[in-house]
Every structure is written in C-alpha cells, then in structure tokens.
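Colleague: I have a model open and want to talk it through. Can you take my questions one at a time?

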Amino acid sequence: MNRRRCATAALTVVCALTVLASPAQAAYAAPTPPPASPGFPAAPPTVPAPGKSLDEVRREIDALYRQAASATDAYNLADERAKEQSAEIVRLGRAIVDGRARIEDLRNRAGAAARAQYRNGGMPDEARLVLTDDPQLFLNGVGRLQQGQKATKDLLGELTRQQAELETYTKDAGAHWTELEANRLQQARTKKRIETKIAAAKRLESRLAAEERERLLRLEQAEQARAQTAWLGSGVLRGAGGDAGPQGRKAIAYAKAQLGKPYVWGAEGPGSFDCSGLTSQAWAAAGTGIPRTSQEQWRLLPRIAVEDMRPGDLIIYHADASHVGLYIGGGAIIHAPRPGRNVTVAGAGSMAILGVVRPDK
C-alpha cells in the first residue's frame with residue numbers, strides 16, 4: 001500500500017505539471033565626449049543630492065544595475081533548471097505509469113497460471129508426470145515441466161525487477177519535485193533582489209531634474225566613449241577581420257531587427273529582451289541553440305581569443321559574466337544594455353571584456 005501511495009502521489013505531481021546581416025565595415029568609433037557649453041559645463045556637475053556629485057550618482061546607479069544584471073542571470077538559470085526538472089518529473093511519471101501497467105500484466109499472467117493449476121485438480125505437474133506410464137509422454141512432460149518452471153521463475157523475476165524499478169522511479173520523482181520547489185523558492189528570492197535593485201536605481205534617477213537626467217546620459221556615454229577609445233587604441237582589432245559564417249550572419253540580421261526594443265529583465269522577445277535573451281534568440285533564429293544565460297554561455301560555449309573574433313561571436317562582459325553582446329564587426333556590438341535603455345549598437349570595448357565565445361565553432 002505504501003508503494004502504491006508513493007506512485008499515486010508522484011503521478012499526481014506529474015498530472016499537475018502537465019496541466020500546468022552583414023557586419024559593419026569600419027571600426028565603431030564611440031561618440032566624442034560632449035564639449036563644454038553653457039548648458040553642459042565642463043566644471044563639476046550639479047549636485048542632485050547633498051554630498052554627491054552627478055558622476056557619483058551615475059556610478060551608484062550603474063552599480064545597482066550591474067547587481068541586478070548578475071541576479072537576473074541567476075534567476076534565468078534557476079528558471080531554466082526548473083523547466084528541465086519539470087520535464088524530468090513528467091518523464092518519470094510516465095515511467096511510473098508504464099511500470100504499474102507492466103506489473104499488472106505480470107500479476108494477471110501469474111494468476112492465469114495459478115488458475116490453470118487449479119483446473120487440473122490442484123495436482124502439481126511433478127506428481128502428474130510421475131504417474132504416467134508412457135515413456136514418450138514422460139519425456140515430453142519433462143520438457144514441458146522444465147519450460148514451465150523456467151517460465152514461472154522468469155515471471156517472478158520480472159515482477160520483482162519491475163517493482164524495484166517502480167520504487168526507483170517514485171523515489172527519483174519525489175527528489176526532483178523537492179529540487180524543483182527549492183529552485184522556485186530561489187527564483188522568488190532572486191526576483192525580489194532584482195526588483196529591489198532596479199527600483200533603487202530608478203529612485204535615484206527619478207530624483208534628478210530633467211536637465212540632470214540628460215547630463216547623466218551624457219556622462220554615461222562619455223565613460224563608454226573613453227573605454228572604447230582606449231580599447232581601439234590598444235590595437236586589439238589589428239589581427240581581426242574574419243567574415244561571419246552563414247549562421248553568424250543570420251544571428252546578426254535577427255539582432256539588427258530588434259534595435260530600439262526595450263530591455264526587460266528575463267525577457268526573450270519578441271517585444272523586449274534582456275542581454276542574454278537577445279543573444280540566445282539571435283542564435284536560435286540562426287538555427288543553433290545556445291544556453292539562455294550569459295554565465296552559461298561563457299561556461300559552455302567554445303572560447304575564442306579577442307584578437308581572433310569575427311562577426312556573430314558573443315562578447316562576455318564583467319568578471320561575473322553578467323552581460324553579453326553580439327559582435328557585428330568593426331569594433332561594435334548589438335546588445336540590450338539595462339532597464340531604461342533599448343537594444344542598441346555600442347562599442348565592443350565600452351565595457352570590461354571578460355572574453356569571447358563562438359556558438360558555431
């Protein structure tokens with residue numbers, strides 16, 4: 001009865017779940033930092049809050065969004081694993097159903113054998129064999145008896161094996177269900193952290209006047225421009241220049257079609273994207289499935305030296321691999337930057353590069 005209850009419980013879980021384009025030709029030049037003007041003086045910026053410069057606020061907002069991006073990757077990975085576990089529970093549930101059907105069939109066959117013996121007057125086959133006085137019948141009977149004994153032994157052995165497999169399937173389904181619930185709880189905690197970081201960053205931005213928000217964007221662009229200029233000046237692209245492969249061109253074409261769409265954490269299109277949602281969908285459109293998150297893309301995809309990269313490759317950013325962009329050639333990427341920004345073209349060196357991976361290697 002305990003085994004049946006376990007199998008039924010696992011099956012209930014299962015039922016609940018089942019309901020349930022061409023690269024750029026010239027190096028991407030980052031925009032020159034805006035010159036001093038009456039509206040945007042080169043002197044220290046206005047102070048949006050006591051004791052903090054606008055550049056300090058920019059750094060604080062950037063740090064919050066970076067933390068949110070890292071948490072987003074953890075959320076996406078937990079979500080992906082939860083889906084895999086759901087599929088595994090469904091598979092185990094089907095195995096449980098099939099196992100129960102096989103056990104029922106074996107029991108029916110065993111019952112049929114017992115009923116046949118009863119119809120023979122309850123006399124064991126061995127006794128009937130001893131009482132015969134026909135040598136040929138005796139020899140034939142010996143053969144049938146041996147076959148019958150083997151069949152009975154095989155039947156009992158198969159029944160025992162199927163019952164053991166059923167117990168294993170039930171135990172595995174329960175373990176995966178526990179893991180699934182733990183992942184869902186982790187997702188909820190991670191989602192809350194993401195929302196908290198994004199809300200904090202938006203509060204900081206909302207306290208700024210319209211002119212300060214515009215200057216904040218210019219400061220962000222100026223910082224990216226300095227990083228891109230330094231990266232290009234390092235000569236890293238001197239040896240680069242390979243052409244995208246057929247799939248790489250398709251991935252680039254897909255990414256270009258998404259330009260201007262908003263960043264939304266956890267989004268995979270079609271109306272919005274996060275950074276790895278964009279790259280994974282671009283390569284899916286090219287016919288190659290890749291991991292969903294930037295951290296898994298970095299961990300699992302073939303790595304390429306930065307100086308050997310070609311259009312279509314993915315550039316992974318920051319020490320925690322929390323951001324990714326699709327290289328389109330000419331020193332530029334297409335990426336989904338962060339909340340409040342849209343899918344755009346940016347300098348490939350405008351952020352700290354961790355490395356490069358090639359999905360079609």
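Below, a colleague asks and a modeller answers, working from a predicted model.

Colleague: How many helices and strands does the protein chain have, and in what pattern?

Modeller: Along the sequence, the pattern reads α-α-α-α-α-α-α-α-β-β-β-β-β-β. The totals are 8 helices and 6 strands.

Colleague: What percentage of the 361 residues count as buried?

Modeller: First, the surface: the accessible area is about 19500 Å², and carbon and sulfur atoms hold 55% of that. Of the 361 residues, the buried part is 39%.

Colleague: Which element gives the largest share of the largest nonpolar core?

Modeller: That core has 41 residues, and Ile61, Trp283, Leu314 and Leu326 have the most contacts inside it. The elements giving two or more residues are H2, H4 (135-206), H6 (246-257), H7 (275-285), S2, S3 and S4 (332-335). The largest share is 8 residues, and it comes from H2.

Colleague: How many residues are in the other core?

Modeller: This core lies apart from the largest one. Its members include Ile304, Tyr317, Ala346 and Met351. The count is 14 residues.

Colleague: Which residues does Trp283 contact, leaving aside neighbours within four places in sequence?

Modeller: Trp283 is among the residues with the most contacts inside the largest core, as are Leu314 and Leu326. Both of those are on its contact list. The full list is Gln247, Gly248, Ala251, Thr288, Ile290, Gly312, Leu314, Leu326, Pro359 and Asp360.

Colleague: Are the faces of strand S2 covered or open, and which residues tell you?

Modeller: S2 spans residues 314-317. Leu314 and Ile316 lie on one side and are buried. On the other side, buried too, are Ile315 and Tyr317. Both faces are covered.

Colleague: Which strands join S2 through bridges, and which residues stand opposite Ile315 and Tyr317?

Modeller: S2 runs antiparallel to S3 (residues 323-329), with 4 bridges. It also runs antiparallel to S6 (residues 353-357), again with 4 bridges. In S3, the residue opposite Ile315 is Gly325. In S6, the residue opposite Tyr317 is Ile353.

Colleague: Which residue in the hairpin of S2 and S3 takes a positive phi?

Modeller: The hairpin has 5 residues between its strands. The phi in question is near 70°. The residue is His318.

Colleague: What span does helix H5 reach from its first C-alpha to its last?

Modeller: H5 covers residues 210-233, which is 24 residues. At 1.5 Å a residue, 34 Å is expected. The model comes close to that, at 35 Å.

Colleague: Which residue just after H5 takes a positive phi?

Modeller: The angle is about 80°. The residue is Gly235.

Colleague: Why does Gln228 count as buried, and what does its side chain reach?

Modeller: Gln228 sits in H5, where Glu212, Arg215 and Trp231 are among the other buried residues. It counts as buried because its relative accessibility is 0%, and the cut-off is under 20%. At 3.1 Å, its side chain reaches the backbone oxygen of Gly331.

Colleague: Why does Asp62 count as partly exposed, and how far is it from Arg338 in space?

Modeller: Asp62 belongs to H2 (residues 54-119). It counts as partly exposed because its relative accessibility is 41%, and that class lies between 20% and 50%. In sequence, Asp62 and Arg338 are 276 residues apart. In space, C-alpha to C-alpha, the distance is 9.3 Å.

Conventions. Residues are numbered from 1 along each chain as its sequence is written. Side-chain values use heavy atoms; hydrogens and water are left out. The expected span of a helix is 1.5 Å times one less than its number of residues. Buried means under 20% relative accessible area, exposed over 50%, partly exposed in between (1.4 Å probe, protein chains only). A polar contact is a pair of N or O atoms within 3.5 Å; within protein, one must be able to donate a hydrogen and the other to accept it, and residues adjacent in sequence count only if both atoms are side-chain atoms. Two strands pair if DSSP finds at least two bridges between them. A nonpolar core is a set of buried Ala, Val, Leu, Ile, Met, Phe, Trp, Tyr and Cys residues joined through side-chain atoms within 4.5 Å. Contact means heavy atoms within 4.5 Å. Accessible areas come from the Shrake-Rupley method with a 1.4 Å probe; for residues, only the protein chains shown count as cover.
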